[in-house]
Amino acid sequence: QVLLVFAKEDNQSNGFCWACEKAGFRCNIARTPESALECFLDKHHEIIIIDHRHSRYFDAEALCRSIRTTKPSENTVIIGVVRRHGDREESSILPLISAGFTRRYVENSNIMACYNELIQLEFGEVRAQFKLRACNSLFTALEKSQEAIEITSEDHVIQYVNPAFETVMGYQIGELIGKELTEVPINEKKADFLDTINSCIKIGKEWQGMYYAKKKNGDSIQQNVKIIPVIGQGGKIRHYVSISRLCNDNNKVSENEVTSLLYNIIFSTDIQTCRHKDRRKGSLDVRSTTSRGSDGSSQRRHSSMARIHSMTIEAPITKVINIINAAQESSPMPVAEALDRVLEILRTTELYSPQLGTKDEDPHTSDLVGGLMTDGLRRLSGNEYILSAKQTHQVAGSLISPISLNDIPPRITEAMENEEHWDFDIFELEAATHKRPLVYLGLKIFARFGICEFLNCSESILRSWLQVIEANYHSSNSYHNSTHSADVLHATAYFLSKERVKQTLDPIDEVAALIAATVHDVDHPGRTNSFLCNAGSELAILYNDTAVLESHHAALAFQLTTQDDKCNIFKSMERNEYRTLRQAIIDMVLATEMTKHFEHVNKFVNSINKPLAALEENGNNGDGESVKTVLTSPENRILIKRMLIKCADISNPCRPLEQCIEWAGRISEEYFAQTDEEKRQGLPVVMPVFDRNTCSIPKSQISFIDYFITDMFDAWDAFADLPNLMQHLDNNFKYWKGLDERKLRSLRPPPE
């Protein structure tokens, strides 16, 4: 609603009247200050426009001050219409601001000028005031909360505490506001614990755990504390919110509290304990606390937790936590606190992920980790990225059958001559096949491995299947297209030919690996999982924001294969064998999801690399029964297949330099396009460094190799013996380092 205060009707007042009508705003007109005040108190308008041009009729500033003294005006936008000065010197706006005006409007009776002003107000100041109005409700909730709540700035300066915090800690709010948390004495024995908390929350992770704090009177109390970083302007942490409650029975943890804590430990998915080099302001004192022990719903919840805890179905992690809690009962305080830290580490589901150290300080690494290893910033958005659910996919009947393997054109045959070697040039085949390398390379590799014989299908069915799969890769993607699929298929076939791998895997494993490599990115939209989750895409909704693309690739591959007998390579398989093969393919495709990267690598190292190394150290020459047991156990075969396809999927940095450079350019372009679209749609930018105007491609490659590639390929090389790949990796890393040291941001150095 808009209130116009004009003593007389003129072009300006008419302009705003017509503009209100055009904008669909309800409008009231007042001719005197008295009627204006009365009308405002009755209607509570969002916008008031006061004529400040004619002081002989009424004092506009006095009227504004009168309105501002009323409670309803707290969230009202007040505009002063002032004269156009012409050539005279511009006057100061400060008197208007002091009187309570939000801004001024230099007279202009043009209807579109008035309309534009109203629309700007609606989407600017008025919308901001709506948010502020909502804040009153939020602060009312905080004030009435039984949990102690403390809000600090990014530098840990206290900005707010609620009454529950004052009651529990014994402080008055005036004693805390503006104080730094570091001013409170810290027990030296807990310094490393506090560093752990700091290093976690400063990289945007929530922290939750048990903590001892001192009240104003010096008493020590034990708290269950949760600290939440709040992202603000510039995508940086601007505040920390601390929510806490007291533990029961004179600062000892009650059985129900322990049960609740265990439940949180076992089932928590959003708490990670991390390490980080930057420790601004020393350490953080977490002092906010309260108790809900008297709350009926809380007691019922604890009772439910107790019943869950008493169930006989116990996971291994539950048993570990129970043992630790039992040990704490009879342990001295230093040991109990150390065990608290152990429990904090066990809270995370990312037990196999490294604790981020100095690498994480590099924004390129940080963005790669954020973009590839998360499922996006959850938010409700009107922007929806529609993908696949309503998309028409290519099927066998709509495609022309390719020629036989025996009739492949000479240029294509020549391009595939050295496909058994690692230095095979996939881009030469891409050019020879007019961006259809997957069909031809697939026919040759599948023939070499006898896939048709294993599946008991004809070559024509295999040809049709390969064509259907390739047709459902997006040729418009710069990176995730059928050339990438063919490249991963080639790497997979190369790894399968290595002696150690051949000793380990059965024929069905080889078939699963080659099929999984072929389909692992089918129908990829050229956007990351984080993008799809942030955009609220239909796929993200379908797969609950979890492994969205990988789930889609696997599901669509089987849909395309089984919907038409002309391309159903599985139709002659026995049911149980098909189920085994299907599960293996799905497992390998899902293994390409990067959020589980470190879990797969660390399991491989601990279950395969280390036992094999130990056997070799004990004098075993590599072909004994013990080695065979390590290699061929079902669990380890799964780990090997996962590692194989993961290495094949991101092997670009281990290719010859020219291929490595080409792949780096293609993936960078795809990330640039995603950043462009995120900005257009107003979505969170998940990888800000991939801005085509500012990105350093050498830095991004260095970070990717450092963080994801080196350790993984060291482990894979130790298993499969790949000296040529490791030499390429070393050469390529030196190439990117050289460009970076010259401060170059491009793929190649400038010509001499």
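**Exercise 1. Find how much of the protein is buried, and describe its overall make-up.**

Solution. In this predicted model, buried residues account for 51% of the 752 residues in the protein. Turning to the surface, the accessible area comes to about 35,100 Å², and 50% of that area belongs to carbon and sulfur atoms. The protein contains 32 helices and 10 strands. As for how the chain meets itself, among contacts between residues at least 6 apart in sequence, 73% join residues at least 24 apart.

**Exercise 2. Work out which residues of helix 28 are buried, and why they can be said to line one face.**

Solution. Begin with the residues themselves: in helix 28, which covers residues 625-632, V627, V630 and L631 are buried. Seen down the axis of helix 28, these buried residues fall within an arc of 95°, and therefore they line one face of the helix. Next, look at the other side of helix 28, where E625 and T629 are exposed. Finally, ask what the buried residues pack against: their partners are helix 21 (499-504), helix 27 (597-617), helix 29 (634-649) and helix 31 (697-720).

**Exercise 3. Identify the residues that touch the most other members of the largest nonpolar core, and follow one of them outward.**

Solution. The largest nonpolar core has 118 residues, of which L455, W465, F495, F713, W716, F719 and W736 touch the most other members. Helix 31 supplies the largest share of this core, namely 13 residues. Now follow W465: leaving aside its neighbours within four places in sequence, W465 is in contact with F446, I515, T518, V519, T561, C567 and I569. Apart from this core lies another one, of 18 residues, including A30, I48, I67 and F101.

**Exercise 4. Decide whether C452 is buried or exposed, and list its contacts beyond four places in sequence.**

Solution. C452 is found in helix 18, residues 451-455. The cut-off for buried is under 20% relative accessible area, and C452, at 17% relative accessibility, counts as buried. Once its neighbours within four places in sequence are left aside, C452 is in contact with C457, S458, E459 and L462. For the pair C452 and L462, which are 10 residues apart along the chain, the C-alpha atoms are separated by 7.3 Å.

**Exercise 5. Trace which parts of the chain are tied together by the salt bridges of R103, D509 and D676.**

Solution. Side chains of opposite charge can pair when their charged atoms come close. The count for this model is 28 salt bridges. In one of them, the side chains of R103 and E117 meet at 3.5 Å, N to O. Because R103 lies in strand 5 (residues 103-106) and E117 in helix 5 (residues 111-144), this pair ties together parts that are 14 residues apart in sequence. R103 is partly exposed, with a relative accessible area of 23%, whereas E117 is buried, at 8%.

Continue with D509, which forms a salt bridge with K641, the closest N and O atoms being 2.9 Å apart. D509 lies in helix 22 (residues 507-519) and K641 in helix 29, so the pair ties together parts that are 132 residues apart in sequence. Both D509 and K641 are buried.

The last pair is D676 and R692, whose side chains meet in a salt bridge at 2.8 Å, N to O. This pair links distant parts of the chain, with D676 in helix 30 (residues 657-681) and R692 in the loop between helix 30 and helix 31, 16 residues apart.

Methods:
Residues numbered from 1 in each chain as written. Predicted model: local features only at pLDDT ≥ 70, side-chain atom pairs only at ≥ 80, totals over all residues. Heavy atoms only, no water. Buried < 20%, exposed > 50% of the residue type's maximum accessible area, 1.4 Å probe, protein only. Helix = DSSP H or I, 4+ residues; strand = E, 2+ residues; numbered from the N terminus. Arc of directions from axis to C-beta. Contact = heavy atoms within 4.5 Å. Core = buried A, V, L, I, M, F, W, Y, C linked by side-chain atoms within 4.5 Å. Areas by Shrake-Rupley, 256 points an atom, 1.4 Å probe, with all protein chains shown as cover. Salt bridge = Lys/Arg side-chain N within 4 Å of Asp/Glu carboxyl O.
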